[in-house]
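User: I am new to this structure and would like to learn how to read its interior. Please take me through it one feature at a time.

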Amino acid sequence: MKNRFDYDYFKKSADYILDKINFRPEVAMILGSSLGALAEEIENPIVIDYKDIPNFLISTVQSHAGKLILGELSGKKVACMSGRFHFYEGYDFEQLVIPVRVLHLLGVKTLILTNAAGAVNTSYRPGDIMIIKDHIKLMGASPMRGPNIGEFGPRFFDVSDMYTRELRDLAKKCADKIGISLQEGVYYFCPGPQFETPSEIRAIRILGGDAVGMSTVTEALTAAHCGMKVLGLSLITNMAAGVLDQPITTEEVDEIGALVSAKFRRLISEIVKEID
Ligand code: HPA
């Protein structure tokens, strides 16, 4: 069986980007719903539209800008994806490896993944930031299913420290320093685009999920496969379905995103500064 995407497929995207910059980013960020504002803090930015990158994907979600920004943040060379791709947009798991493999070919060693998520854990509150300790993805195949591309990583790979402890500890230290409190918990992947049913949320709670969301896990798996260190941060935008006797709306998700965005930006800038 042949891979739909071979090594050269990803290299074509990376070569297009490398041609426009004269450095190699060490740290990358993928910014989720309403968290794109961090991109504004990047100095000497070179902005590339996803649609101009050969073999890349296109953002279809309104709150996602669809731009790759390369420049400096807290003195580090960074690549920042403002807007990401999701299974619910129609992309399959195999396509969702593309951005992270391209970032890897640019030279990225550390990946910070951010997302908006609903709180399954009833001690969490909207506005909280949760460090992702681990994830649960019981739905669908691995994005690494199919012939392995050895240039990226081995056929079988360990994911027991996928959300790298060293980075989780660093995030806690940085949060302490700037006076932000953090939660730490398990992110449960649901495919969306509908929010979950109250019964699904009760099941997820029993299974060990603390927060629920529609992104991030394919990116973390792809990064783990190619040996990147990963930090995942969820912004809790709402209590998950059935916790409160009210519907979940995209407006509340975006509203909390906007309210907490400044705190989130400060935390990420501080973390990027302290990454080795
Ligand atoms: N469920 C899934 N994804 C989400 C939620 C939610 O409650 N809130 C923000 N993203």
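Analyst: This is a predicted model. Start with the helix H2, whose buried residues are Ile98, Pro99, Val100, Arg101, Val102, Leu103, Leu105 and Leu106.

User: How many of the residues of H2 are buried?

Analyst: Eight of the nine, so H2 counts as mostly covered, where buried means under 20% relative accessible area.

User: What covers the buried residues of H2?

Analyst: The cover includes two helices, H1 (7–18) and H5 (217–225), together with strands S1 (27–31), S3 (67–73), S4 (76–82) and S5 (110–119). Just after H2 comes Gly107, with a positive phi near 115°.

User: How do I read a nonpolar core?

Analyst: In soluble globular proteins, nonpolar side chains tend to be buried together. Here the largest nonpolar core has 55 residues, and Ile17, Leu68, Leu70, Leu103 and Leu111 have the most contacts inside it. Helix H2 (residues 98–106) contributes the most to this core, with six residues. A second core, separate from that one, has 31 residues, including Leu38, Ile256, Val272 and Ile275.

User: Which residues does Leu68 touch, leaving out those up to four places away in sequence?

Analyst: Among them are Ile17, Ile46, Val47, Ile48, Tyr50 and Ile53, and also Ala79, Cys80, Met81 and Leu103.

User: How many disulfides does a search of the whole structure find?

Analyst: Zero. For Cys80, the nearest cysteine sulfur is that of Cys174, 17 Å away.

User: Is Cys80 buried or exposed?

Analyst: Cys80 is buried, because its relative accessibility is 0%. Cys190 also counts as buried, with a relative accessible area of 10%.

Terms used. Residues are numbered from 1 along each chain as its sequence is written. This is a predicted model: local features need pLDDT of at least 70, side-chain atom pairs count only at pLDDT 80 or more; totals for chains, interfaces and linings use all residues. Side-chain values use heavy atoms; hydrogens and water are left out. A nonpolar core is a set of buried Ala, Val, Leu, Ile, Met, Phe, Trp, Tyr and Cys residues joined through side-chain atoms within 4.5 Å. Buried means under 20% relative accessible area, exposed over 50%, partly exposed in between (1.4 Å probe, protein chains only). Helices (H or I, at least four residues) and strands (E, at least two) are DSSP runs, numbered from the N terminus. Contact means heavy atoms within 4.5 Å. A disulfide is a pair of cysteine sulfur atoms within 2.5 Å.
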